[in-house]
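User: Here's a structure I'd like to go through with you. I'll keep asking how you know things.

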Amino acid sequence: MTNALTVLFLAALAIASATRLWLARRQIRHVRAHRAAVPASFADAIPLAAHQKAADYTVAKTRLAMLDVVVNALVVLALTLGGGLQIISALWTSVFELESLAHGTALFISVIALLGAIGLPLSIYRIFVIEQHFGFNRMTLRLFISDLAKQIVIGLLLGVPLLLAVLWLMQKMGEHWWLYVWLVWMAFSLALMMIYPAVILPLFNKFTPITEGELAARVASLLSRCGFKSRGLFMMDGSKRSSHGNAFFIGFGATKRIVLFDTLVSRLDPPEVEAVLAHELGHYKLHHIAKALVLSAGISFVGLWVLGQLIGKPWFYSGLGIATPSMAAALLLFFLVVPEFTFFLHPLTSLYSRLREFEADAYAMLHSSAAELVRALVKLYQDNAATLTPDPLHSAFYDSHPPAAARIARLKTA
């Protein structure tokens, strides 16, 4: 039954989807317009061929993202106002009692499986067509299937108990169920951060300790200067899936580990790796990780509170295509429609992230060489085919890192 929420939702979906497509077209036009020449600040470091490869790679990824926007909008419409969610719920009602834990779990798993199946062709195209064409993909079909199977098993092992706990709390804890669910979600998230480095990641990658040589010595000295303790420095065999390089910290508390992609180690010199790690250390020492956790906790708190206010309203269900309300249906509706209403908050979250990147760069300059960080970033931009000329508005909406030119300029002038 159509109501005010229906109209509001359709307007939000249409405006958000149209804006996503408009931003993508701006990105493509802007990158193409600057394809013919390397920006002056990079002319001595990056060849024209590499710059043009990055432009073509960006355009290919953006075109796929446009298709993803259209598919996502159609899927959301089909599941909500198209009656898809109601149909799946009705089918499971013939097996399990409505509002039972079994019915809610079956409904949730069915919808997630459907969304995953719909998104699978796009993932395959991205990896085995786009990434392959530009020389980045090293993943075999066998490894892709193996990864997918592991992800499904892990998702079920971790997700089903969490879902059962959430649905039970929603049924038993009265009008303040959302607060208990939030507490469980926070505990689950923290626990996952603890077990992810030691239990889950090794299922997908091999981690080799780096204990000797110049790189190990430089990293040990850097950690000492910064007063940072970790469980060790490891090299991950990321090259078996992609030639892209990266470095990151994983874990929480006593489980913190420093991880370098083998592609990064092979491409960067030890002083450059040290500078990159100094940047990553900056995120920890400046409490960016803790602040991100607090922000995430706050957002989830507000989101669950809002759902708590909506879950008992008949118009919430009828306005989004549900004839037989249930706790599981409410959760699914919320997850499906909220991104359309919150899309225009993206520039704020992106800006916040970019400011943290500048702060981490400043920290790195205090504890390592700015010149080495510049050299490392330029190599990474080239190796990962990151465009040097993104559309400013597209970048403001989506990019978690500052544009290359702005970042390098600040490092050179600081």
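**Surface, core and one helix**

Analyst: The chain exposes about 20300 Å², with carbon and sulfur atoms supplying 69% of it; such areas come from the Shrake-Rupley method with a 1.4 Å probe, and for residues only the protein chains shown count as cover. This is a predicted model, where local features need pLDDT of at least 70, side-chain atom pairs count only at pLDDT 80 or more, and totals for chains, interfaces and linings use all residues. Residues are numbered from 1 along each chain as its sequence is written, and side-chain values use heavy atoms, leaving out hydrogens and water.

User: How do you know whether the radius of gyration agrees with a compact globule?

Analyst: The rule is 2.2 Å times the number of residues to the power 0.38, taken over C-alpha atoms. With 414 residues that gives a value near 22 Å, and the chain has 23 Å, so the two agree. Those C-alpha atoms fill a box of roughly 65 × 50 × 40 Å along the principal axes.

User: Why is arginine 241 called buried?

Analyst: Buried means under 20% relative accessible area, exposed over 50%, and partly exposed in between (1.4 Å probe, protein chains only). Arginine 241 has 15%, so it counts as buried. The residue sits in the loop between strand S2 (233-236) and strand S3 (247-250). Leaving aside neighbours within four places in sequence, its contacts (heavy atoms within 4.5 Å) include Phe136, Asp147 and Phe204.

User: And what is valine 302 called, and why?

Analyst: Partly exposed, because its relative accessibility is 47%. Valine 302 belongs to helix H10; helices (H or I, at least four residues) and strands (E, at least two) are DSSP runs, numbered from the N terminus.

User: What makes the nonpolar surface patch?

Analyst: Leu179, Tyr180, Leu183, Phe301 and Val302 make it, covering about 420 Å². Helix H6 (177-200) and helix H10 (288-310) each give two or more residues, and H6 has the largest share, 3 residues. Patch members need over 30% relative accessible area and no salt bridge; like charges are joined within 9 Å, nonpolar side chains (Val, Leu, Ile, Met, Phe, Trp, Tyr) within 5 Å. A salt bridge is a side-chain nitrogen of Lys or Arg within 4 Å of a carboxyl oxygen of Asp or Glu.

User: How do you know whether the span of H10 agrees with its number of residues?

Analyst: The expected span is 1.5 Å times one less than the number of residues. For the 23 residues of H10 that is 33 Å, and its end C-alpha atoms are 33 Å apart, so it agrees. Among its buried residues are Ala297, Ser300 and Leu304, and the cover includes H6 and helix H9 (270-285).
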